[in-house]
Amino acid sequence: MDSQHTPVYYAEYLQLDRLLNCQKPYSDVHDEMLFIIVHQAFELWFKLILHDLDSVLALMNREYVDESDVGLAVARLQRIVEIQRVIIEHFTVLETMTPLDFLEFRDALVPASGSQSVQFRLIENKLGLLHDRRVRFFSGDYWRNLSDTDRARAEASEHGASLFEVIDRWLSRTPFLSFGDFQFWRSYRGAVQGMLDNDRQIILNSPSFSDSDRERQLTNLEQTRDSFSLVFDPEAHAKFVEAGQWRLSFDATLAALLILLYRDRPMLQQPFRLLTTLIEIDELFTAWRHRHALMVRRMIGAKIGTGGSSGHDYLAQTAREHTIFNDLFNMSTYLIPRSLLPELPPDVERALRFVHETGAE
């Protein structure tokens, strides 16, 4: 840095004159200032989330992604996680305002609504929330009550590469699923079948089950066995996708499973952190939406929202349905105990560990 640079004054650097004069209450009610500042804080954090999310998309949306870039992406995604933890706690501050306090100025806000936060819509779209999976706002689309400028931004973000799509492509390029004569899925399938056969024997031989209990347990076991077709059979997987029950491609699904099962191998630790961080982001946005819904119910009960939505019911439904990385959550269905994991061939084991000594194998 140039040591001769012009001295910077704190207030000028942060543009505090502008920032601290952005609060323009529509009423004389004391708590409207709290309401404005908390929502402005949300938008500032959303801006930083988008800043980091865009950088992660740029890092990961390449034909070849360097290991160091994966680490950088993980670090920035983990910062998003910490931001999410902070904004969830903002509701605690907002709830120091009572429902009666809010009613004093609520009508002055109509039709302004949090549903008009274009930054939050951009976050959802860039993470990978599909348009046809959204909860309908009124009988129309979510952008119905956005300005023309914000609507154009939201629609444009739907056509760009989303983090879900980028991660799917990255996972699909994972090596080690097929390595020489080693076929991961074939070895894994044998281990699963052995595990389920053993479970069947336990059910059949358990003296604690009645006939009806045993029948029910065997039915559940067969349903579990059928569910594994998603990772064994590309055609069965395609049917799950067509039915809207799964979204990751077949190769990406197998790669994610490999990473989760063999996460202790050095080369897979960073990818494992990436997948678990994506799960955390999805989980925390669900928690944020749920906390938002509870706050709205506390403030307005069964009234409609200022933007005309069904208020609490609409927000609660988005908390249930606006998830993106469901497939990563559901990967636990296909995990098996470490003791049953297929042993990897020596050349695969060597490829999955870092070499620290010159000449080491």
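This is a short dialogue on reading a predicted model, from the whole chain down to single residues.

Q: Where should I start with the overall fold: how many helices and strands does the chain have?
A: Happy to begin there! In this predicted model, the secondary structure comes to 17 helices and two strands. The C-alpha trace spans about 75 × 70 × 35 Å along its principal axes.

Q: What share of the residues in the chain is buried?
A: Of the 361 residues, 43% are buried. You can pair that with the surface: the accessible area of the chain is about 20,000 Å², and carbon and sulfur atoms hold 53% of that area.

Q: How do I read the contacts along the chain?
A: Look at sequence separation. Among contacts with a separation of 6 or more, 75% join residues 24 or more positions apart.

Q: And the charges: how far apart are the mean positions of the positive and negative ones?
A: Compare the two averages. The chain carries 38 positive and 52 negative charges, and their mean positions are 2 Å apart.

Q: How can I check the length of one helix, say α10?
A: Set its end-to-end reach against the expected span. Helix α10 covers residues 211-227, 17 residues in total, and runs 25 Å from first C-alpha to last. That is close to the 24 Å expected at 1.5 Å a residue.

Q: Which residues of α10 are buried, and what covers them?
A: The buried ones are Arg214, Leu218, Leu221 and Ser227. Their cover includes α9 (184-205) and α11 (229-232).

Q: Now a single residue: is Thr277 buried or exposed?
A: The cut-off to keep in mind is that buried means under 20% relative accessible area. Thr277 has a relative accessible area of 1%, so this residue counts as buried. Thr277 sits in helix α14, residues 266-300.

Q: What does the side chain of Thr277 reach, and which residues does Thr277 contact beyond its sequence neighbours?
A: The Thr277 side chain comes to 2.6 Å from the backbone oxygen of Arg273. Setting aside neighbours within four places in sequence, Thr277 touches Val74, Leu77, Gln78 and Val81.

Q: Could we do the same for Arg76: which helix holds Arg76, and what is its relative accessible area?
A: Gladly. Arg76 belongs to helix α4, residues 67-94. With a relative accessible area of 24%, Arg76 is partly exposed.

Q: Which residues does Arg76 contact outside its local stretch of sequence?
A: Leaving out neighbours within four places, the contacts of Arg76 are Asp52, Ser55, Val56 and Leu59. For a distance across the chain, take Arg76 and Trp288: they are 212 residues apart in sequence and 19 Å apart in space, C-alpha to C-alpha.

How values were computed. Residues numbered from 1 in each chain as written. Predicted model: local features only at pLDDT ≥ 70, side-chain atom pairs only at ≥ 80, totals over all residues. Heavy atoms only, no water. Helix = DSSP H or I, 4+ residues; strand = E, 2+ residues; numbered from the N terminus. Buried < 20%, exposed > 50% of the residue type's maximum accessible area, 1.4 Å probe, protein only. Polar contact = N/O pair within 3.5 Å; in protein donor to acceptor, adjacent residues only side chain to side chain. Contact = heavy atoms within 4.5 Å. Areas by Shrake-Rupley, 256 points an atom, 1.4 Å probe, with all protein chains shown as cover. Lys, Arg positive; Asp, Glu negative; His and termini not counted. Charge placed at Lys NZ, Arg CZ, Asp CG, Glu CD. Expected span 1.5 Å × (residues − 1).
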